[in-house]
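Here is a short reviewer's note to read beside the structure. Keep the model open and find each residue as it comes up.

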Amino acid sequence: MSSSRQICVFPSPAELALSLSQLLVHESQGTCSFRLALSGGSLVQLLSRELPKTAGLNTAGWKVAFCDERLVPFSDPESTYGEYKRQLVPLGLLSESQFVTIDPTLPVEEAAVDYTKKLQELFPGDDLPVFDLVILGIGPDGHTASLFPGHPLLQVTDKVVAPISDSPKPPPQRVTLTLPVINAAKMVVFVATGEGKATILKRILQGEESDPLPAARVYPVHGKLLWFLDEPAARELTCPVEKHSVL
Ligand SMILES: O=C1O[C@H](COP(=O)(O)O)[C@@H](O)[C@H](O)[C@H]1O
């Protein structure tokens with residue numbers, strides 16, 4: 001198990017986003033292959049606003065997959081790929097061919113198998129994909145990716161990607177990376193902003209619960225674990241945090 005976690009608190013979402021973009025530049029520079037898994041939700045806007053402005057960014061070697069994806073057409077505003085594509089492709093920051101997407105026309109079980117195959121092609125010869133960087137969000141209920149509290153998917157250890165048909169947060173049909181894949185990553189960064197996340201963050205980071213929330217089950221086996229929070233989200237924490245200001 002990873003020995004430590006680092007909790008970084010920023011004065012504002014803008015400063016958090018700048019620092020996250022700089023981390024992406026740092027982690028991907030000097031490598032011709034950078035395999036990244038992105039989450040949806042509020043992260044899309046946060047990242048899409050800052051990333052294009054970030055100095056030193058070279059995305060040529062990037063391949064971008066998704067921690068989870070909703071089974072809706074790419075044209076639907078709920079599609080995580082669709083949203084990143086609309087934000088980033090027109091700017092020339094990434095091309096469509098750099099994304100590893102689900103096939104939203106398939107039934108959800110088949111979509112999970114299809115996405116698994118695409119990830120196996122991205123990680124040839126590896127039993128488990130080992131992403132260079134996984135960026136996760138957190139729902140106010142403690143879910144991360146499409147792994148929800150109390151859901152049987154939390155116990156899945158024999159799959160890379162799992163389908164879910166009863167997501168408590170709409171849309172109900174999704175596919176998600178499983179915990180073993182998330183925990184195999186070289187680096188995992190959680191991003192959470194706003195006071196609506198404060199209470200759940202206290203439980204995740206300081207709760208020590210017998211049945212941990214999904215986000216509290218993320219501990220990279222060999223990788224690094226970072227938490228990027230803004231001040232309202234970190235408001236209830238009493239554990240040691242690093243205060244950062246980058247503007
Ligand atoms: O449904 C989802 O929710 C989480 C959290 O979203 P947020 O809007 O509260 O940041 C997100 O990380 C996940 O990818 C998404 O599918």
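**Notes on the sheet, a helix, a loop and the ligand site**

1. Start with one pair of strands. Strand 5 (residues 133-136) and strand 8 (residues 187-192) run parallel, and 3 bridges join them. For a landmark, find Val134: Val188 in strand 8 stands opposite. Remember throughout that this is a predicted model.

2. Now take in the whole sheet. It is open and has 7 strands, in the order 3-2-5-8-9-1-10. The pairing is parallel. Which strands are at the edges? They are strand 3 (62-66) and strand 10 (242-243). Each of these pairs on one side only.

3. Next, check the length of helix 1. This helix covers residues 13-28, which makes 16 residues. The expected span is 1.5 Å times one less than the number of residues. For helix 1 that should give 22 Å, and the end C-alpha atoms are indeed 22 Å apart, so the two values agree.

4. Stay with helix 1 and look at burial. Buried here means under 20% relative accessible area. The buried residues of helix 1 include Leu16, Leu18, Leu20, Leu23 and Leu24. Polar and charged names occur on the list too: Glu15, Ser19, Ser21 and Ser28 are buried. After the helix comes Gly30, and its phi is positive, near 80°.

5. Turn to a loop residue. Thr54 sits in the loop between helix 2 (42-50) and strand 3. Is Thr54 buried or exposed? Its relative accessible area is 10%, so Thr54 is buried. A polar atom of the Thr54 side chain lies 3.0 Å from the backbone oxygen of Glu50.

6. Now the ligand. There are 14 residues around it, and Gly40, Ser42, Asp68, Lys169 and Lys197 come nearest. What kinds of residue make up the shell? The shell divides into 7 polar, 5 charged and 2 nonpolar residues.

7. Look at single contacts with ligand oxygen atoms. Gly40 uses its backbone: an N or O atom there lies 2.8 Å from an oxygen atom of the ligand. His143 uses its side chain, where an N or O atom is 2.9 Å from a ligand oxygen. Arg174 has a polar side-chain atom 3.1 Å from an oxygen atom of the ligand. On its own, the ligand has 400 Å² of accessible area, and the protein covers 92% of that.

Definitions and conventions: Residues numbered from 1 in each chain as written. Predicted model: local features only at pLDDT ≥ 70, side-chain atom pairs only at ≥ 80, totals over all residues. Heavy atoms only, no water. Near = heavy atom within 4 Å. Polar contact = N/O pair within 3.5 Å; in protein donor to acceptor, adjacent residues only side chain to side chain. Areas by Shrake-Rupley, 256 points an atom, 1.4 Å probe, with all protein chains shown as cover. Helix = DSSP H or I, 4+ residues; strand = E, 2+ residues; numbered from the N terminus. Buried < 20%, exposed > 50% of the residue type's maximum accessible area, 1.4 Å probe, protein only. Pairing = 2+ DSSP bridges.
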